[in-house]
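Please follow this walk through the fold with the sequence and the coordinates side by side. The account moves from the sheet to the helices and ends with unusual backbone geometry.

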Amino acid sequence: MDPSSAGSGGNSLAAVAGTDAQKRRVCYFYDTEVGNYYYGQGHPMKPHRVRMTHALLAHYGLLGRMQVLRPLRALDHDFCRFHSADYVAFLRTVTPETQLGRGRQLRRFNVGEDCPVFDGLYAYCQSYAGASISAAVMLNHGTHDIAINWSGGLHHAKKSEASGFCYVNDIVLAILELLKVHERVLYIDIDIHHGDGVEEAFYTTNRVMTVSFHKFGEYFPGTGDIRDIGYAEGKYYCLNVPLDDGIDDDSYQSIFKPIIGKVMEMYHPDAVVLQCGADSLSGDRLGCFNLSGKGHAECVKYMRSFNVPLLLLGGGGYTIRNVSRCWCYETGVAVGEELKEKLPYNEYYEYFGPEYSLYVSSSNMENRNTNKQLEEMKCKILENLSKVEHAPSVQFEERIPERKLPERDEDKEDPDRRPDPYFDRFLSARRRLKHSARSRNTGDTREYTETEAKDQHGKIPTTEHRGPEPMEEDLGSSKQAPPADANGMAINAPGNVKNEPESSPK
Ligand SMILES: [Zn+2]
């Protein structure tokens with residue numbers, strides 16, 4: 001079966017407003033700094049893959065098909081909505097130079113080997129978490145149907161502990177943001193690793209249902225047993241689909257679609273968060289599944305077809321030429337564009353030889369998941385799902401009224417408006433951008449200064465710090481200007497990992 005043609009959207013819900021071919025309003029968050037963060041030599045996690053993804057998006061012309069936004073950086077109090085204050089303070093203050101004197105805290109917070117201290121660690125957390133929260137804000141305000149943050153999806157982080165290359169759990173923070181407006185949020189995790197941090201955070205609530213498809217058995221993080229189904233109010237609102245090595249596209253979709261189709265029918269979520277970890281792709285440096293890029297993207301296509309506000313996040317993915325091709329293809333799915341197979345020339349072109357194809361192929365590895373096993377598992381999970389109470393048909397009444405983000409006039413503010421500091425900061429950043437544009441037009445060369453950044457964000461040591469702003473000026477269209485990366489600006493500063501062989505041992 002060609003997964004790209006499987007099921008033409010595939011869902012059968014009567015309530016779906018549109019067909020799969022219908023356009024979606026998409027916003028995409030990208031921080032031009034994110035590719036510079038560097039976990040250290042030989043570490044498999046490479047934020048550079050997000051920059052490679054961005055380069056592909058630019059050269060495929062996809063940046064002109066969606067609103068491109070620079071994320072607001074998350075602040076302490078944003079993190080503390082989930083994480084403990086002492087852990088956040090530790091992340092903010094630890095440096096590669098000072099860590100040696102903080103051995104006890106390093107052990108307590110599980111920071112060290114898998115989750116090393118590196119230069120700019122806290123700013124990195126602020127960036128990827130800020131992007132996920134900002135993306136949730138956009139969905140809350142109803143201005144977009146799909147919001148994307150490929151730098152996010154760090155699903156292993158716990159309240160007071162780093163884990164599996166993850167420091168702060170941007171997914172939990174984004175879901176908490178979505179819960180301000182949406183009554184029920186569905187979280188789906190297709191990373192090869194169990195989405196343990198998100199599951200744990202919402203294990204006892206029925207306002208979030210978590211569904212994780214993952215390799216189980218002698219594999220990190222070791223959790224995700226099919227018998228783990230939630231607790232108390234959350235019982236039956238947690239699903240785990242444990243899989244074995246070598247699962248291919250057909251096997252994966254034979255279980256993904258029936259389960260998720262049933263979840264959508266029974267749970268009727270108001271918003272969906274899809275963690276698109278790309279370590280479930282064939283040939284991943286740390287993974288052992290055998291999904292093709294199209295097979296992976298079929299999950300995105302399927303979720304898009306329900307026409308429910310959708311947050312797409314990254315996650316794992318350690319063969320970075322595959323990660324970037326996968327997420328580029330999936331961005332195409334989000335905007336409803338089938339991209340041509342031949343990769344356009346780009347600044348990372350040599351990574352993609354000798355085929356220079358957008359498609360990530362599967363291999364001939366053995367599939368250790370038998371149809372019988374998958375069928376039994378599906379039945380067991382559908383049985384658990386039948387115990388979920390049908391979602392009430394009454395709409396959640398506290399929805400924030402839709403309003404256009406750019407046009408809001410601060411002089412006509414509704415004093416009874418729901419407080420939303422993120423949205424306020426977002427608007428303030430946009431106003432400053434307008435001011436700056438006006439200043440340029442009048443010959444005033446004043447630009448953003450570090451002081452302005454401090455006004456808004458405290459002591460963040462960067463002048464490149466603007467919060468979510470429309471990036472159309474410099475990034476919005478590949479026709480107007482080359483992507484920021486292409487200019488060889490900040491990306492070639494120290495920390496650029498472009499030339500490091502990705503097969504280097506851990
Ligand atoms: Zn993973």
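Helix α8 lies across β4 (185–189), β5 and β6, and runs at about 175° to β5; helices (H or I, at least four residues) and strands (E, at least two) are DSSP runs, numbered from the N terminus. Angles here run from 0 to 180 degrees between N-to-C directions, and axes are lines fitted to C-alpha atoms, for helices over the stretch in contact. Helix α10 also packs on the sheet, where it touches β1 (26–29), β3 and β8, and its direction makes about 165° with that of β3.

The model is a predicted one, in which local features need pLDDT of at least 70 and side-chain atom pairs count only at pLDDT 80 or more, while totals for chains, interfaces and linings use all residues. Residues are numbered from 1 along each chain as its sequence is written.

The chain has 13 helices and eight strands, and of its 506 residues 49% count as buried, a class that requires 20 or more other C-beta atoms within 10 Å of the residue's own, with 12 or fewer making a residue exposed, values in between making it partly exposed, and C-beta atoms placed from the backbone. Among the contacts in the chain with a separation of 6 or more, 79% join residues 24 or more positions apart; a contact means that the C-beta atoms of two residues, placed from the backbone, lie within 7 Å.

How are the strands ordered in the sheet? Eight strands form an open sheet in the order β2-β1-β3-β8-β7-β4-β5-β6, with parallel pairing, where two strands pair if DSSP finds at least two bridges between them. The edge strands are β2 (67–69) and β6, each of which pairs on one side only. On average, neighbouring strands of this sheet are turned by 15° against each other, direction ignored.

Strand β8 (residues 310–313) can be followed residue by residue. On one flank, four bridges join β8 in parallel to strand β3 (residues 146–149), and Ile-146 stands opposite Leu-310. Four bridges also join β8 in parallel to strand β7 (residues 271–275), with Leu-274 opposite Leu-312 and Gln-275 as the bridge partner of Leu-313. Both faces of β8 are covered, since Leu-310 and Leu-312 on one side and Leu-311 and Leu-313 on the other are all buried.Attention now turns to the helices. Two packed helices are described by the angle between their axes and the distance between the axes. For α8 (249–267) and α11 (371–385), the angle is about 5° and the axes are 10 Å apart. The two helices are therefore roughly parallel to each other, a description that applies to angles under 35 degrees, whereas angles over 145 count as roughly antiparallel, 65 to 115 as roughly perpendicular and the rest as oblique. In this contact, Ser-251, Ser-254, Ile-255, Pro-258, Ile-259, Lys-262, Val-263 and Met-266 of α8 meet Leu-374, Met-377, Lys-378, Ile-381, Leu-382 and Leu-385 of α11. By class, the contact has 10 nonpolar, two polar and two charged residues, where Ala, Val, Leu, Ile, Met, Phe, Trp, Tyr, Cys and Pro count as nonpolar, Asp, Glu, Lys and Arg as charged, and the others, Gly among them, as polar.

A second helix pair involves α1 (residues 48–59) and α10 (residues 320–335), whose axes come within 8 Å and cross at roughly 45°, which makes α1 oblique to α10. The residues of α1 in this contact include His-48, Met-52 and Leu-56, and those of α10 include Ile-320, Trp-327 and Thr-331. The residues of the contact divide into seven nonpolar, four polar and two charged. Helix α6 (residues 170–178) is mostly covered, with eight of its nine residues buried; among them are Asp-170 and Glu-177.

Some loops show backbone geometry that merits inspection. The peptide bond from Phe-220 to Pro-221 is cis, with omega near -5°, and Pro-221 lies in the loop between β5 (208–215) and β6 (238–243). Another cis peptide bond joins Gly-353 and Pro-354, with omega about -5°, and Pro-354 is placed in the loop between α10 and α11. Asn-110, although not a glycine, has a positive phi of about 60°, and it is found in the loop between α4 (103–108) and α5 (121–140). His-268 likewise is not a glycine and has a positive phi of about 50°; His-268 lies in the loop between α8 and β7 and is partly exposed, with 17 other C-beta atoms within 10 Å.
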